[in-house]
Amino acid sequence: MSLLPTLVVFLAAAVFAVPLFKRIGLGSVLGYLAAGIVIGPMVLGLVQNVDEILHIAELGVVMLLFLIGLELQPTRLWTMRRVILGLGGGQVLLTGAALGLAAWLLGIQPLSAAIIGLSLALSSTAFALQIMAERSELTTRHGRAGFSILLFQDLAAVPLIVLVPIIAELDRMGLQTLTFDTDMLLGIGKAAAAVAVVVLGGRYAVRPLFRYVTSSKIAEAFTAVSLFIVVGTALMMEEVGLSMALGAFLAGVLLADSEFRHALEADIGPFKGLLLGLFFIGVGMSIRLDVVAEHPGTVALLVAGLLAIKAAVLFLIGRSAGMGTKPAIRLAATLCQGGEFAFVIFGVAGAASVIDRELADTLTLVVTISMVMTPLLLLLIDRTGRAKKTEAEAPTALYEENEVIIAGFGRVGQIVGRILRAKRIPFTALEASHEQVDFVRNFGGRVYYGDASRLDFLRAVHADTAHVFVIAIEDIERSIRCAELLLQHYPHLKIIARARNRGHAHRLMAVGVKHVVRETFASSLELTELVLEKLGMADYQAQQAIQTFRELDERRLREDLAIYTDQEAMAERARQWEEELEELFNEDARRDEVA
């Protein structure tokens, strides 16, 4: 089947299956898996090239790891090092030992059993993170622990993939001294050079590239360079034998401190979602239903054994880390499946004759079915009510979720930000002009590049977790679009909007913004009060005149909202207002004379 019909089949399967499974409470991941089983070779046979599809869909996992890296600033990652090494290292070693011992007891050679144990100890980053994100569990205690374990597993998968053929060679040589030939040294050198390119490029070359692209003010050019960075890094890592996902994660971490972080998140997010869906469909397509039908008991026992052993170790690790019973149960259920790296390792081990080919195929099937079982296990836990919510949900250490977001960091937004910073109130500042971003950052300010009038960008900056949103955008049209999106998608937010003029204020009020501040109104009143005082008017009289004007003008602003688009009516209303203001001033003067 050619590319276009195949794409139509994938889209149709996703459109019908995913909303159906989501609606009946089984989640989108199971929907994608079911769609893959139906259109795959074992049922309808609409798509045959499963391996090719999975290779392309792996870019979804790559983009997922890149976006996770964007959320982890290097300093924050360094702070988490003990949790990553402690929980992650403990899980991989203990689970690998337990599963390896089980494989050895089943009659597999010790070397092969060790590789099988360590391979099956790895969980599926794509499945676990997608499920936790759907359930809003990434910020819970078990969610943060799960992320740390998954991160260590991704790091551990790389040396495991590299070491399998070396171990095979050692085994064939009878454990003699390993000779580092030219090819091996060249491979190590290439890997080190690739990591150096990513680190240096992410720190020194990428920001100038983004500034050059954003100066063109072409949105699709920014999207193109974003995809270029992610896909290019992944391909470079693959060429030198390293993990594509790990390379993308490293690139994301290096860009986590950049002003383009949230804009990158907004542009990469939709591609990540589509490709991850394709990955899950590919996993469903790869399930060998014929093998399951031929050996149902064996496959069922192997899957049950894998899930039980991993869950038991994860539960004990969770409890030893101070979690309660419920968070530990959710941690165990979320990470007890096999991972996508096992596919790669079993393929390498089979090619190197470390594991029998037929056994490698069976284990790949077991890992795939364990992935399918994960959302079902979590659904069962939810239905039985054993672990609906954790008692230890604390603010996340992974994501920057500030209570205040300032959109537009020019002369108005900066004043708001400076006062909040002085009061130690954290905020996220956004600015659509890269020149303004550079200017603020040159003076030590922290601001992110991006357009707050885009819904995907608002999602990327976690507008759903904010309490107050300040619209200080200078461009009137973008300001209105931003207000409309916030009111439609984030009704809980308290919106305070800066208006450049009276017409801007009316438009903001018309879309539903309740708190509108005209940028020159207060300063004009203050200036006028000084003028009146310098003309010899008493302080109290000047203040009274200003207060009278303020009250009348604010009342008129609200009343004019019904007719602000009718210029003739507004002109007539302005004449009436001048007469009313003059009469009010005359009344104030008469009261002063009587007093």
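Which residues have the most contacts inside the largest nonpolar core? I began my notebook with that question, keeping in mind that what I have in front of me is a predicted model.

**Entry 1: the cores**

I found that the largest nonpolar core holds 162 residues, and that F66, F279, F346, F469, I471 and L486 are those with the most contacts inside it. I then looked up which element gives the most to this core, and noted helix α3, residues 50-71, with 13 residues. Apart from this core lies another one, made of six residues, and I wrote down L525, L532, A545 and I546 as being among them.

I picked F469 for a closer look, since it is listed among the residues with the most contacts in the largest core. Setting aside the neighbours within four places in sequence, I listed I405, A407, L458, C482, L486, L493, K494, I495 and I496 as the residues in contact with F469. One of these, L486, is itself among the residues with the most contacts inside the core.

**Entry 2: positive phi angles**

I next looked up residues other than glycine with a positive phi, and noted R424, whose phi is near 60°. I placed R424 in the loop that runs between α18 (411-422) and β2 (427-431). Is R424 buried or exposed? With a relative accessible area of 77%, R424 is exposed, the cut-off for that class being over 50%.

H462 is another residue other than glycine with a positive phi, again near 60°, and I found H462 in the loop between α20 (455-460) and β4 (468-471). Here the relative accessible area is 13%, so I entered H462 as buried, for which the cut-off is under 20%.

**Entry 3: salt bridges**

How many salt bridges does the structure hold? I noted 10 of them, and went through three in turn.

In one of them R478 pairs with D451, and the closest N and O atoms are 3.3 Å apart. I recorded that this pair links distant parts of the chain, with R478 in helix α21 (residues 476-489) and D451 in the loop between β3 (448-449) and α20, the two being 27 residues apart. Although R478 carries a charge-pairing side chain in this bridge, R478 is buried, at a relative accessible area of 18%.

I then turned to D560 and R556, whose side chains meet in a salt bridge at 2.9 Å, N to O. D560 has 0% relative accessibility and therefore counts as buried, and R556, at 10%, counts as buried too. Following the shared partners elsewhere, I found that salt bridges join D267, R454 and D456 into one network.

Within that network I looked at the bridge between D456 and R454, where the closest N and O atoms are 2.7 Å apart. Both ends are partly exposed: D456 has a relative accessible area of 24%, and R454 stands at 30% relative accessibility.

**Entry 4: helix against helix**

How do α15 and α17 run relative to each other? I read that the axes of helix α15 (residues 325-335) and helix α17 (residues 357-384) come within 8 Å and cross at roughly 155°, which means that α15 is roughly antiparallel to α17. At this contact I329, R330, A333 and T334 in α15 meet T374, L378, I381 and D382 in α17. Sorting the contact of α15 with α17 by class, I counted four nonpolar, two polar and two charged residues.

For helix α2 (residues 28-39) and helix α7 (residues 125-134), I noted axes that come within 9 Å and cross at roughly 135°, and α2 and α7 are therefore oblique to each other. The residues that meet are S28, V29 and L33 in α2 and F127, Q130, I131 and E134 in α7. By class this contact of α2 with α7 has four nonpolar residues, two polar and one charged.

**Entry 5: a loop residue with a distant partner**

Last, I looked up I108, which sits in the loop between α5 (81-105) and α6 (110-121). Leaving aside the neighbours within four places in sequence, I108 is in contact with A103, A113, I116 and L359. I checked the pair I108 and L359 separately, and found that these residues are 251 residues apart along the chain while their C-alpha atoms are separated by 10.0 Å.

Methods. Residues numbered from 1 in each chain as written. Predicted model: local features only at pLDDT ≥ 70, side-chain atom pairs only at ≥ 80, totals over all residues. Heavy atoms only, no water. Core = buried A, V, L, I, M, F, W, Y, C linked by side-chain atoms within 4.5 Å. Buried < 20%, exposed > 50% of the residue type's maximum accessible area, 1.4 Å probe, protein only. Helix = DSSP H or I, 4+ residues; strand = E, 2+ residues; numbered from the N terminus. Contact = heavy atoms within 4.5 Å. Salt bridge = Lys/Arg side-chain N within 4 Å of Asp/Glu carboxyl O. Axes fitted to C-alpha atoms, helices over the stretch in contact; angles between N-to-C directions. Parallel < 35°, antiparallel > 145°, perpendicular 65-115°, else oblique. Nonpolar A, V, L, I, M, F, W, Y, C, P; charged D, E, K, R; others polar.
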